[in-house]
Protein chains: 2
Amino acid sequence: MAKQTPRYHAIADDLRNQIDRGALAPGQKLPTEEELTTHYEVSRNTVRLALGRLTEEGLLVSAQGRGSFVRERFEPAVWNWSVLESRSRHEANHDAGDQWASQIAGNGQTPHQEVKVSIRRPPADVARQLNLDAAAALTVVRERVRYVDREPYALADSYFPEALVRDTPLMLPEDVSAPGGVLASAGLVQVRFSDEITVRMPTRDEIERLVLPASTPVAVHMRTGYDKDGQPLRVMITTLPGDRHVIRYDVSAD
Amino acid sequence: MAKQTPRYHAIADDLRNQIDRGALAPGQKLPTEEELTTHYEVSRNTVRLALGRLTEEGLLVSAQGRGSFVRERFEPAVWNWSVLESRSRHEANHDAGDQWASQIAGNGQTPHQEVKVSIRRPPADVARQLNLDAAAALTVVRERVRYVDREPYALADSYFPEALVRDTPLMLPEDVSAPGGVLASAGLVQVRFSDEITVRMPTRDEIERLVLPASTPVAVHMRTGYDKDGQPLRVMITTLPGDRHVIRYDVSAD
DNA sequence: CCAGAGAGTTTGTTGGTACAAGTCAGCCAA
DNA sequence: TTGGCTGACTTGTACCAACAAACTCTCTGG
């Protein structure tokens, strides 16, 4: 009656306990697979299954030729999403312009982003949010990769209806930094947001662009902005690696 | 110069393409490992590595004795977190009481939750939010497992400072359903929330309680409620499986 | 007609081996 | 001293074999 749990589950549990207890500290090197085989008296195959399980749980990282290590977690950045861009103008109007960049800079870190602008048909979910015909309508897309201190931090893709932003600074490929945000530079005023946050595993593409460790989930934050008439102005889709982000909202009865 | 990519990567890529193209539809059974072995002319081990990779990405599920299947994604439930409990009283004052239960019921589904109430020392992060001394202070803890149509849906644990809710209905282990929410039943009024959302892989315990498929990340939603004097009243930690939830916020300039 | 045994199928677990491919320290030669 | 190289070490990939466990289906016996 004692044999239901596979050996590699038991080994994974044992190692997980050591990690939780702190007997194996973050950053510390684990015994080699060879040593674990003799310690637990199982085959290397079984050891690798146990290690794989812990890697899936995000507790380990391994490097060919060097060993396996207890994963180090870094302090996640907290970003308050309940602040309207139009409001933040007051604090951030001096130089940086971009709300994100100025908040990072104010934190003593160096922000940096690569921007790519293109015009193309929007994906189906974006088209729906913007009340556009996915098959016919065009959107101006600003794709950004955001870095903090040279480390990739998030992907932020914005979609604007092409008709709204034609011939505005928005279409310049530069890192637009107008006071009050890119939308204000196009003469558009957002008065309301609708945010939807989903959680999923990253695609292979996202893993590479964000240099994600194994089994790091991402939050996908989709913000749709509306003007005072309720017309959608833009959709911004931000992909946030789970190991380096906290999404914050403040809600109050006014 | 052609041999960098391991075989099992190539096999995984091929199968992933078939899934993306729709050649392998959701719910459809894959060829057996034996068949894949002969098709790709590799060992069963290598096939299993490829399948494991896709399982990690959340594209497959496998069942012993039956086969491997393209994972079916179910329609996630959208929950609007920007609504204050005190406000929602107007819509939900008739019978159900609990804001969550009434919203589910209004959606034509049957809500159900198991409640467990206990008194104990809070975890460190909760103590910090409540301005309590983690070593000394006590909290009343309401742990709930929420079900929709018999399917586990979320974990929701609430922590109240023991001094605030002593001798109130809150401490009853029943599924408290007072109009305006449990806090109102204790004479407490929340006027402000602070929410923090993090994303991570589930623990083994959460996997079992929520019956999570492999490689399903969770969103952890921590809501701290304050009264009009800025004193923290409670912390609610909700664990939301990524495959069945969309977190929504509406933000507007008042 | 139905329950249950049993055979067959399929994935899960565990053992083994061999070589490839990174990493690193130390040695040797210029 | 420095540069490069070798060799030891460690994880990654790939193969093979065998049995366990869970499921499906058929067929048989009551």
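# Notebook: two protein chains and two DNA strands

**Entry 1. Relation of the copies.** I superposed the two protein chains of this predicted model: a turn of 180° with a shift of 0.1 Å along the axis lays chain B on chain A at an RMSD of 0.1 Å. The fit is by least squares on the C-alpha atoms of residues with pLDDT of at least 70 in both copies. The two copies are therefore related as by a two-fold rotation axis. In chain B, I found that the C-alpha of B:P217 is the nearest to the axis, at 3.0 Å. I then looked up the contact residues, where contact means heavy atoms within 4.5 Å. Of those in chain B, 100% recur in chain A, and the same surface thus serves both copies.

**Conventions.** I number residues from 1 along each chain as its sequence is written, and letter chains from A and number ligands from 1 in the order in which they are written. Local features need pLDDT of at least 70 and side-chain atom pairs pLDDT 80 or more, while totals for chains, interfaces and linings use all residues; side-chain values use heavy atoms, with hydrogens and water left out.

**Entry 2. First sheet.** I traced an open sheet of 8 strands with mixed pairing, in the order β4(A)-β5(A)-β6(A)-β9(A)-β8(A)-β7(A)-β10(B)-β3(B). Its edge strands, each pairing on one side only, are β4 (111–120) of chain A and β3 (77–80) of chain B. The twist from one strand to the next averages 20°. Helices (H or I, at least four residues) and strands (E, at least two) are DSSP runs numbered from the N terminus, and two strands pair if DSSP finds at least two bridges between them.

Within this sheet I examined β5 (residues 139–148) and β6 (residues 151–161) of chain A, which pair in the antiparallel sense over 10 bridges. A:R142 has A:S158 in β6(A) as its bridge partner. Helix α5 (residues 99–106) of chain A lies across β4, β5 and β6 of that chain and runs at about 170° to β4(A). Such angles run from 0 to 180 degrees between N-to-C directions, with axes fitted as lines to C-alpha atoms, for helices over the stretch in contact.

**Entry 3. Second sheet.** I traced another open sheet of 8 strands, again with mixed pairing, in the order β3(A)-β10(A)-β7(B)-β8(B)-β9(B)-β6(B)-β5(B)-β4(B). Here β3 of chain A and β4 (111–120) of chain B are the edge strands. Neighbouring strands are turned by 20° against each other on average, direction ignored.

I followed the order from its chain A end. Strands β3 (residues 77–80) and β10 (residues 245–252) of chain A run parallel and are joined by 4 bridges; A:V78 has A:V246 as its bridge partner in β10(A). The crossing to the other chain consists of 6 bridges between β10(A) and β7 (residues 192–200) of chain B, which run antiparallel. There, A:S252 is partnered by B:R192. β7(B) in turn pairs with β8 (residues 218–226) of chain B over 9 bridges in the antiparallel sense, with B:V218 as the bridge partner of B:R200.

**Entry 4. DNA strand C.** I list 22 residues around DNA strand C, the closest being A:R7, A:Y8, A:S43, A:T46 and B:R44. A residue is taken as near if one of its heavy atoms lies within 4 Å. Sugar and phosphate make up 66% of the strand's atoms that come within 4 Å of the protein. The surrounding residues divide into 4 nonpolar, 12 polar and 6 charged.

I then looked up polar contacts, which here are pairs of N or O atoms within 3.5 Å. A polar backbone atom of A:S43 is 2.9 Å from a phosphate oxygen, and a side-chain N or O atom of B:R48 is 3.0 Å from a phosphate oxygen. At a base oxygen, I noted a polar side-chain atom of A:N45 at 3.0 Å.

**Entry 5. DNA strand D.** I list 22 residues around DNA strand D; A:R44, B:R7, B:Y8, B:N45 and B:T46 are the closest. Polar side-chain atoms of B:Y8 and of B:T46 each lie 2.5 Å from a phosphate oxygen of this strand. For the side chain of A:S62, I noted an N or O atom 3.0 Å from a phosphate oxygen. Elements giving two or more residues to this surface are α3, β1 (60–63) and β2 (67–70) of chain A, with α1 (7–21) and α3 of chain B.

Conventions: Polar contact = N/O pair within 3.5 Å; in protein donor to acceptor, adjacent residues only side chain to side chain. Nonpolar A, V, L, I, M, F, W, Y, C, P; charged D, E, K, R; others polar.
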